[in-house]
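I opened this notebook to keep track of what I looked up in one protein model, item by item. The entries follow the order in which I checked them.

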Amino acid sequence: MKKVLFATLLVGSVSAAFSQANINKGDWMLGGNAGFTHQKNGGYKTNSFNLSPNAGYFFINNFAGGLRASVSSSKTEYNSADSKNSGFELAPFVRYYFLPASQKVNLFADASFGFGQNKYEISNNESKTNFTNLGIKAGPAIFITPATALEIALGFNSTKVKDVDDRENQFGVSFGFQIHIPGTVKK
């Protein structure tokens, strides 16, 4: 498996050696990240899934804005009782790439402000909460080809649930892919 991954990265790097990334004015980007976790602790068992696709447009070279949607679901089982949680969020975002498009590894910063709703179900009792979320992340974008980037980012999220005084703050690492689509034919 390691050899296949290494060969894929090598071929992608060689084929992109004389090309530049599609992060210029008029280009588009589509991508996002997904995650799954399984946790088991004593009598507790939790499965969680999230998906966060995004679409953006480069208004000027290296600077894009767009919309990110996030969907999440989790289920926790404890002995004979279980609880379910599902959520949805829409978040406008802005992103800036710090290095020229000719770089194969570029650094980016990304900020978003989202609005969403969580639905909780415990023992057939259901409740919903609305929330806002501020997200900031930064890291390297590794352009495997001029149109495909693997992203690794350190991030911070601060969530405020309606009618609750405290904020929930989280730090984390995320992995994702972006497909960069040229808006015009480059000469």
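The entries below go from the overall fold to the core, the aromatic pairs, the open and closed spaces, and two backbone angles.

**Entry 1: the chain as a whole**

I note at the outset that this is a predicted model. I looked up the secondary structure and found that the protein chain comes to one helix and eight strands, which, read along the sequence, follow the pattern α-β-β-β-β-β-β-β-β. I then checked burial, and buried residues make up 29% of the 187 residues in the protein chain. For contacts between residues at least 6 apart in sequence, I recorded that 55% join residues at least 24 apart.

**Entry 2: the nonpolar core**

I asked myself which residues have the most contacts inside the largest nonpolar core. The core has 13 residues, and those with the most contacts inside it are I23, M29, F58, Y97, F108, A141 and F143. Looking at where the core comes from in the sequence, I found that β4 (81-97), β6 (125-145) and β7 (148-161) each supply at least two of its residues.

I followed F143 further, leaving aside residues up to four places away in sequence, and listed its contacts as A21, I23, Y97, Q103, K104, N106, T148, A149 and H180. Two of the residues in that list, I23 and Y97, are touched by F143 and also appear among the core residues with the most contacts.

**Entry 3: aromatic pairs**

I searched the whole structure for aromatic pairs, and the search finds nine. The rings of Y44 and Y78 have centres 4.4 Å apart and planes at 25°, and I entered the pair as stacked because the angle falls under the 30 degrees used as the limit. Y44 belongs to strand β2 and Y78 to strand β3, so this pair ties together parts that are 34 residues apart in sequence. I also looked up the accessibility of the two partners: Y44 is partly exposed at a relative accessible area of 44%, and Y78 likewise counts as partly exposed, at 39%.

I then turned to F58 and Y97, which form a tilted pair with 6.1 Å centre to centre and 35° between the planes. With F58 in strand β2 and Y97 in strand β4, the pair ties together parts that are 39 residues apart in sequence. Are these two rings buried or exposed? F58 is buried, with a relative accessible area of 0%, and Y97 counts as buried at 0% as well. Tracing the ring pairs onward, I found that they link F58, Y97, F108 and F143 into a cluster, and these four residues are also listed among the core residues with the most contacts.

**Entry 4: the largest pocket**

I looked for open space next, and the largest pocket has a volume of about 1400 Å³. Of the 45 residues that line this pocket, I noted N50, E89, N133, N157 and Q170 as the closest to its centre. I checked which strands contribute, and β1 (28-41), β2 (44-60), β3 (63-78), β4, β5 (105-122), β6, β7 and β8 (167-181) each supply at least two lining residues, while β7 gives the most, with seven. Sorted by class, the pocket lining has 15 nonpolar, 25 polar and five charged residues.

**Entry 5: the closed cavity**

How many cavities of 30 Å³ or more are there? I count one cavity of that size, and about 60 Å³ of space lies in the largest cavity. Its lining consists of G32, N33, N54, R95, F108, K137, E151, A153, S174, F175, G176 and Q178; I marked F108 here, since I had already met it in the aromatic cluster. I found that β1, β7 and β8 each supply at least two residues of the cavity lining, and that β8 gives the most, with four. By class, the cavity lining divides into three nonpolar, six polar and three charged residues.

**Entry 6: two positive phi angles**

Finally I looked at backbone angles in residues other than glycine. Phi of N62 is near 75°, and N62 sits in the loop between β2 and β3, where it is buried with a relative accessible area of 9%. D163 has a positive phi of about 65° and lies in the loop between β7 and β8; unlike N62, which is buried, D163 is exposed, with a relative accessible area of 73%.

Notes: Residues numbered from 1 in each chain as written. Predicted model: local features only at pLDDT ≥ 70, side-chain atom pairs only at ≥ 80, totals over all residues. Heavy atoms only, no water. Core = buried A, V, L, I, M, F, W, Y, C linked by side-chain atoms within 4.5 Å. Buried < 20%, exposed > 50% of the residue type's maximum accessible area, 1.4 Å probe, protein only. Contact = heavy atoms within 4.5 Å. 1 Å grid on protein atoms, 1.4 Å probe; cavity = no way out; pocket = protein on both sides within 12 Å on 5 of 7 lines; lining within 4 Å. Points joined across faces, edges and corners; volume = space filled by probe spheres on them. Nonpolar A, V, L, I, M, F, W, Y, C, P; charged D, E, K, R; others polar. Phe/Tyr/Trp six-rings, centres within 6.5 Å; stacked < 30°, edge-to-face > 60°.
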